[in-house]
Amino acid sequence: MNYYSTNGKAPMASLEKAVVKGLAEDKGLYMPERVKTLPQSFFDTIDQLSFQEIAYTVADAFFGEDVPAEDLRRIVYDTLSFDCPLVPVTDSIYSLELFHGPTLAFKDVGARFMARLLQYFIKKEGGKGEVNVLVATSGDTGSAVANGFLGVDGIHVYVLYPKGKVSAIQECQFTTLGQNITAIEVDGVFDDCQRLVKSAFMDADLNAHMQLTSANSINVARFLPQAFYYFHAYAQLKRMGKADEMVVCVPSGNFGNICAGLFGKRMGLPVKRFIASNNANDIFYKYLQTGHYDPKPSVQTIANAMDVGDPSNFARVYDLYGKSHAAICQDISGATYTDTEISATMKDVYARTGYICDPHGACGFRALEASLQPSETGVFLETAHPAKFKQTVDQILGGDIEIPAKLAAFMQGEKQSVAMSKSFEDFKHYLLSR
Ligand SMILES: *Cc1c(COP(=O)(O)O)cnc(C)c1O
């Protein structure tokens, strides 16, 4: 299958090119040229299938023309080495827990899939040397990418992060891994890290010296696999006899996660409607109200993975709905919450049900509770484990949330990182010496 650019000024790309390049030449985002509808028989029996079986069917619809069945099946099964269970919070609201992977956040699914697909392409090309993945992170992306690629043959990952600007829990998730992961501690802010990575991709000497690739979240191999768990959520609801009017609420930042769900609906998944829940960064919410997309600098909130002022995947949502505001509004509604509202929701949910929402999931729960009709069943995506935001969660709930063993294990590892100035010449010199 070919991939076109949302900006419409770049040539069509093969899956391999779209995955290796990430962004199209005209700076647009790649979109699959067709979205296949899955047969009714699949939905009729989906409740009898495992998560991996469901995911393979979905993956085959996107990638089956480009990756042989046996390889694709192995990639999907290896990616989903953990479950995404649907957990009841109230009688009609369920939490789709996406935090059972290695770094306890949903980004594990896309990062693990991309690592394995990239490895498949490298092997197919006869393993022409090592591929180097450069990723700049303000925290969560670096850990998902580093762990997703950990131990994957033929790929070396460089994670650039700003010194002293990521939490201790986040830092240990990519600095203690060793093997094919190198953490680079940049004496600067996140924007410096991003600039170093972008400059590296454009530098002729470096590109002649080594093969460079980005594992940015806009990569089709990271965003499309996120559709898997929407189908799995439906299957779990169907098993309970509650799937007839499914409403899905997605705590959204760059809108990659919800966009994958919208692709799922386009493939025939019976979702009645979607809600995109925002924190105070309400660009999309405003777009729904006014029809105008008006990006702004982001503001800092306690749901910080959603602090995005110009959501990159808006271009994909817009394109998927034929650039029609009315069509978008038919499938998606919005919500926006202040930090005060988010923490009040976390307290309220915990007091009423005993369930601990992380600040992102709390935005999802609240928007469902505000709009759910009696005949509907709501599912919100719990995008990360609350212990990843221990300080915030403890402060709000007045408790001492337990750190899961998986997270604690990272914290016992020894930190290894390379100190780097924010000058590109230093970074380039370092890479050339590798
Ligand atoms: C990345 C992230 C989000 C936002 O997801 P998008 O795909 O960017 O909309 C929400 N919650 C958590 C915990 C995240 O890490």
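A pocket, as the word is used here, is an open set of grid points with protein on both sides within 12 Å along at least five of seven lines, and its lining residues have an atom within 4 Å of a point. The structure described below is a predicted model.

**Pocket and cavity**

The second largest pocket holds about 180 Å³ of space. Its lining is made up of 12 residues, and among these Glu16, Val20, Glu125, Val131 and Gln211 lie nearest the centre of the pocket. Three elements, namely helix α1 (15–21), helix α5 (107–124) and strand β8, each contribute at least two residues to this lining.

Enclosed space is a separate matter, and the count comes to 1 cavity of 30 Å³ or more. The lining of the largest cavity consists of Ser252, Gly253, Phe255, Asn278, Asn281, Ile283, Phe284, Met306, Val308 and Pro311. The table sets out the volume and the lining classes of the two spaces.

| Space | Volume | Lining by class |
|---|---|---|
| Second largest pocket | about 180 Å³ | 6 nonpolar, 3 polar, 3 charged residues |
| Largest cavity | about 30 Å³ | 6 nonpolar, 4 polar, no charged residues |

**Asn219 and its surroundings**

Strand β8 (211–214) is followed by a loop that leads to helix α10 (220–223), and Asn219 lies in this loop. Asn219 has a relative accessible area of 0%, and because buried means under 20%, this residue counts as buried. A polar atom of the Asn219 side chain lies 2.8 Å from the backbone oxygen of Val19. When neighbours within four places in sequence are left aside, Asn219 is in contact with Ala18, Val19, Gly22, Met114 and Ser214.

**Gly110 in helix α5**

Helix α5 includes Gly110, which counts as buried because its relative accessibility is 0%. With neighbours within four places in sequence again set aside, Gly110 is in contact with Ala221 and Arg222. The C-alpha atoms of Gly110 and Arg222 are 3.9 Å apart in space, although the two residues are 112 residues apart in sequence.

**Aromatic pairs**

The structure contains 21 aromatic pairs. In one of them, the ring centres of Phe43 and Tyr234 are 6.4 Å apart and the ring planes stand at 80°, so the pair is edge-to-face. This pair links distant parts of the chain, since Phe43 belongs to helix α2 (residues 40–45) and Tyr234 to helix α11 (residues 228–239), with the two positions 191 residues apart. Phe43 counts as buried at 3% relative accessibility, and Tyr234 also counts as buried, at 8%. Elsewhere, ring pairs join Phe62, Phe63, Phe113, Phe223, Phe228 and Phe263 into a cluster.

**Helix α12**

Helix α12 spans residues 256–266 and is mostly covered, with 9 of its 11 residues buried. The buried residues are Gly256, Asn257, Ile258, Cys259, Ala260, Gly261, Leu262, Phe263 and Gly264. Phe263 thus appears both among the buried residues of α12 and in the cluster formed by ring pairs. Just after this helix, Gly268 adopts a positive phi of about 115°.

Note on methods:
Residues are numbered from 1 along each chain as its sequence is written. This is a predicted model: local features need pLDDT of at least 70, side-chain atom pairs count only at pLDDT 80 or more; totals for chains, interfaces and linings use all residues. Side-chain values use heavy atoms; hydrogens and water are left out. Helices (H or I, at least four residues) and strands (E, at least two) are DSSP runs, numbered from the N terminus. Buried means under 20% relative accessible area, exposed over 50%, partly exposed in between (1.4 Å probe, protein chains only). A polar contact is a pair of N or O atoms within 3.5 Å; within protein, one must be able to donate a hydrogen and the other to accept it, and residues adjacent in sequence count only if both atoms are side-chain atoms. Contact means heavy atoms within 4.5 Å. On a 1 Å grid over the protein atoms alone, a cavity is a set of points where a 1.4 Å probe fits but cannot get out, and a pocket is an open set with protein on both sides within 12 Å along at least five of seven lines; lining residues have an atom within 4 Å of a point. Grid points are joined across faces, edges and corners, and a volume is the space filled by probe spheres set on the points. Ala, Val, Leu, Ile, Met, Phe, Trp, Tyr, Cys and Pro count as nonpolar, Asp, Glu, Lys and Arg as charged, and the others, Gly among them, as polar. Rings of Phe, Tyr and Trp (its six-membered ring) pair if their centres lie within 6.5 Å; planes under 30 degrees apart count as stacked, over 60 as edge-to-face and the rest as tilted.
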